[in-house]
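Let's take a walk through this protein together. Have a look at the sequence and the 3D view, and then we can go through them step by step.

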Amino acid sequence: MKEFIYWTNRCVVILLLVISCVFLGGQAYAAEITMGSGGNLIFEPNEITISAGDTVTFTNGELPPHNMVVKDHPELSHSDLAFMGGESFEVTFPESGDYEFQCNPHAGAGMKG
């Protein structure tokens with residue numbers, strides 16, 4: 001009987017792992033960056049460390065509109081402007097490395113990361 005319970009528990013754990021991978025898609029969520037945090041023309045935080053495959057959520061704070069354009073990586077950029085507070089989008093970074101990004105309307109004011 002103890003052996004049956006042991007194997008049943010193992011099967012339940014494996015099943016839960018498989019279900020979580022299917023529903024979460026295997027994505028790792030690394031961070032959330034606020035665009036226009038506190039009414040300032042900044043990304044907050046403006047520097048993070050992520051691993052390959054991590055997803056970063058960019059959320060519109062105040063003083064819209066904002067976007068996020070990654071230098072030399074148009075495939076990762078979100079050039080459409082976010083006009084509403086709370087509006088967000090996700091970007092998954094497929095490789096490790098340094099990525100420079102900016103808000104195009106406010107890059108001249110220093111809104112870079």
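A good place to begin is a pair of residues facing each other across two strands: methionine 68 has histidine 78, in strand S5, as its bridge partner. The strands involved, S4 and S5, pair in the antiparallel sense, and two bridges hold that pairing. What you are looking at is a predicted model, so let us check how confident the prediction is before going further.

The average pLDDT of the protein is 80, and 74% of the residues score at least 70. Confidence is lowest in helix H1, residues 2-24, where the mean is 43, and highest in strand S7, residues 101-102, where it reaches 96. Over residues 6-26 the pLDDT is below 50, and this stretch has two contacts in the model beyond near neighbours in sequence. Please read that part of the picture with this in mind.

Now back to the strands. S4 belongs to an open sheet of three strands, in the order S5-S4-S7, with antiparallel pairing. The edge strands are S5 (78-82) and S7, and each of them pairs on one side only. On the S7 side, S4 is again joined by two bridges, and the two strands run antiparallel. Here valine 69 has glutamine 102 of S7 as its bridge partner. In general, strands of a sheet pair through backbone hydrogen bonds, either parallel or antiparallel.

How many of the residues of S4 are buried? Five of its five are, and the strand is mostly covered. His66, Met68 and Val70 point one way from S4, while Asn67 and Val69 point the other way, and all are buried. This fits a general pattern: in a regular strand the side chains alternate between the two faces of the sheet.

From S4 we can move into the interior. The largest nonpolar core has 16 residues, and those with the most contacts inside it are Met35, Phe43, Phe58, Met68, Val91 and Phe101. Strands S1 (28-35), S3 (54-60), S4 (66-70) and S6 (88-92) are the elements that give two or more residues to this core. As a general tendency, nonpolar side chains are buried together in soluble globular proteins.

Take phenylalanine 58 as a guide to this core. This residue lies in strand S3, and it counts as buried because its relative accessibility is 1%, against a cut-off of under 20%. Not counting residues up to four places away in sequence, phenylalanine 58 touches Ile33, Met35, Phe43, Met68, Glu87, Ser88, Phe89, Val91 and Phe101. Valine 91 sits 33 residues away from phenylalanine 58 along the chain, yet their C-alpha atoms are separated by 7.8 Å. Seen from valine 91, the contacts outside its neighbours within four places in sequence are Asp54, Thr55, Val56, Phe58, Met68 and Leu76.

Aromatic rings are another thread to follow. There are five aromatic pairs. In one of them, phenylalanine 43 and phenylalanine 101 have ring centres 4.9 Å apart and planes at 80°, so the pair is edge-to-face. Because phenylalanine 43 lies in strand S2 (residues 43-44) and phenylalanine 101 in strand S7, this pair ties together parts that are 58 residues apart in sequence. Both phenylalanine 43 and phenylalanine 101 are buried. Phenylalanine 58 and phenylalanine 101 make another edge-to-face pair, since their ring centres are 5.7 Å apart and their planes are at 80°. With phenylalanine 58 in strand S3 and phenylalanine 101 in strand S7, the pair therefore ties together parts that are 43 residues apart in sequence. Phe43, Phe58, Phe89 and Phe101 form one aromatic cluster.

Let us finish with a polar residue. Is asparagine 60, which is found in strand S3, buried or exposed? Its relative accessible area is 3%, so asparagine 60 is buried. A polar atom of its side chain lies 2.9 Å from the backbone oxygen of methionine 84. Leaving aside neighbours within four places in sequence, the contacts of asparagine 60 are Met35, His66, Ala82, Phe83, Met84, Gly85, Gly86 and Glu87.

Methods
Residues are numbered from 1 along each chain as its sequence is written. Side-chain values use heavy atoms; hydrogens and water are left out. pLDDT is the predictor's confidence in each residue, from 0 to 100. Helices (H or I, at least four residues) and strands (E, at least two) are DSSP runs, numbered from the N terminus. Contact means heavy atoms within 4.5 Å. A nonpolar core is a set of buried Ala, Val, Leu, Ile, Met, Phe, Trp, Tyr and Cys residues joined through side-chain atoms within 4.5 Å. Buried means under 20% relative accessible area, exposed over 50%, partly exposed in between (1.4 Å probe, protein chains only). A polar contact is a pair of N or O atoms within 3.5 Å; within protein, one must be able to donate a hydrogen and the other to accept it, and residues adjacent in sequence count only if both atoms are side-chain atoms. Two strands pair if DSSP finds at least two bridges between them. Rings of Phe, Tyr and Trp (its six-membered ring) pair if their centres lie within 6.5 Å; planes under 30 degrees apart count as stacked, over 60 as edge-to-face and the rest as tilted.
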